[in-house]
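Let's go through this protein–DNA model by question and answer. Have the viewer open as you read.

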2 protein chains.
Amino acid sequence: MSAERKAFRREGEDRRRADLVAATVDAIAVGGVESATVREIALRAGVTPGLIRHYFPGKDDLLRTAYAETMAEMTEAARAALAGAVGDSRQRLLAFVVANLAPPVASGRALSVWAGFIAKVHADAAFARIHREAYLDFRGEIESLLLGVFAESGRMPGEGAAVRLATAINAVIDGLWLEASLAPDLFAAGELAAAGRMAVEAMLSCALAGSPEQA
Amino acid sequence: MSAERKAFRREGEDRRRADLVAATVDAIAVGGVESATVREIALRAGVTPGLIRHYFPGKDDLLRTAYAETMAEMTEAARAALAGAVGDSRQRLLAFVVANLAPPVASGRALSVWAGFIAKVHADAAFARIHREAYLDFRGEIESLLLGVFAESGRMPGEGAAVRLATAINAVIDGLWLEASLAPDLFAAGELAAAGRMAVEAMLSCALAGSPEQA
DNA sequence: ATCCTTGTTATACAAACGAATAATTTTTCG
DNA sequence: CGAAAAATTATTCGTTTGTATAACAAGGAT
């Protein structure tokens, strides 16, 4: 009957911060930003609410950290597909595009988290900065893939052409990622991947691989 | 010193509902979904909080209505550009694409509202249904524009080709719209419109207009 | 003019929120 | 083994939230 105090273990700071960030993302993924309260986050992290403010100055800082890490993870997941891709630069670019249109990058979960954060960009300068960095990092990856394609095919694009093309390809990936994440039941398996391939090939005026395999 | 009761006028139901919806969208646009409280909405609409529940069963219903109307308005704004476009189907398609990449369709305001709602799609079936209808309506507009282009150029696309192409073009528009709305300072004037034109022309394998005017 | 309907305001309430502070346990270091 | 330091829990506080209900007033009907 006596009120027993909760037993606990001291974890390293890195571990605790990572757990809190993961719990935040989980909460947002399931119930949206408004359900990511300090109490809900603490519950998911297996700690009590007060601990959050021991590692973060306030809830907003935790959200910012979660946003930055989520974006970095999504780009990293697409880069991982790159590491496992065999073939020339075109096939690598194709693998990168396709990886962004399948789970875990494209998923209702990822979309909920992303949208919840994106909604804050306009009203919060810190979120705007995080977005910008994540965007430029992602587009930079596309651009470097493009430079590889140009080099292998002996093309010498004009000044700024790679950036412009990367911007357009980034848009295609984002748009298809949205479609795939928002209403996956509207599309047959591989349909959006095929659309992405078609769009990129059209913009590059070259095939990305021999036959329509993988896509 | 006596507590004076606020003077008021009886407005028509349509007018009041429209005002409340507009106030909701305004609140979200400025401060995000979490700032769209019943009190804030009522303040912006010039009424007292209790009136909201006289026209809507609850706050959620008001949000759903605001979402559906916002999406319809965005599509309508792009369609309006279509009505004022001169020329053949290709030029009309180009006008449609470009209209989606400039204010008021592309703007930080529109993005905040859209993202705030989109974040609810995964957790709320009603929002998912509204999204689906808005998406299919928008993509259907693209598809009908495509059919016009095909007819004028004498092309006879295979089964489902128009839908697939409309899906890809929809993705390009969405992606570029995101870029334009999220960080407009990253792009020069007309840069994204040019990218959209390039992408669509590449996918259609035909020019959308004579010279790079308007885009 | 007066009544009736109902649109509208005013007030109240319980729940949930982020934050602050105090109490306590774990870990580390001498 | 004991004491200092720090991580974690527990409790509390003042606000804000959505909703419910009661009081009021505006406009039409008779």
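Q: Which kind of DNA strand D atom does a polar side-chain atom of Y55(A) lie 2.3 Å from?
A: This is a predicted model, so a quick note first: local features need pLDDT of at least 70, side-chain atom pairs count only at pLDDT 80 or more, and totals for chains, interfaces and linings use all residues. Side-chain values use heavy atoms, with hydrogens and water left out, while residues are numbered from 1 along each chain as written and chains are lettered from A, ligands numbered from 1, in written order. A polar contact here is a pair of N or O atoms within 3.5 Å; within protein, one must be able to donate a hydrogen and the other to accept it, and sequence-adjacent residues count only if both atoms are side-chain atoms. At 2.3 Å from a polar side-chain atom of Y55(A), the partner on DNA strand D is a phosphate oxygen.

Q: Which elements give two or more residues to the surface near DNA strand D?
A: Helices are DSSP runs of H or I with at least four residues, and strands are E runs of at least two, numbered from the N terminus. Both chains chip in: α3 (52-55) of chain A together with α2 (38-45) of chain B.

Q: What does R10(A) reach on DNA strand D with a polar side-chain atom?
A: R10(A) is among the residues that come nearest to the strand, out of 23 around it (near means a heavy atom within 4 Å). Of the strand's atoms within 4 Å of the protein, 65% belong to sugar or phosphate and the rest to bases. For R10(A), the partner at 2.2 Å is a base nitrogen.

Q: How far is a polar side-chain atom of R53(A) from a phosphate oxygen of DNA strand C?
A: R53(A) is one of the closest residues to DNA strand C. Sugar and phosphate account for 69% of that strand's atoms within 4 Å of the protein. The distance from R53(A) to the phosphate oxygen is 2.4 Å.

Q: Why is α9(B) largely enclosed by the rest of the structure?
A: Buried means under 20% relative accessible area, exposed over 50% and partly exposed in between (1.4 Å probe, protein chains only). The cover includes α8 and α9 of chain A together with α5, α7 and α8 of chain B. The helix is largely enclosed because its buried residues number ten of the 14.

Terms used:
Contact = heavy atoms within 4.5 Å.
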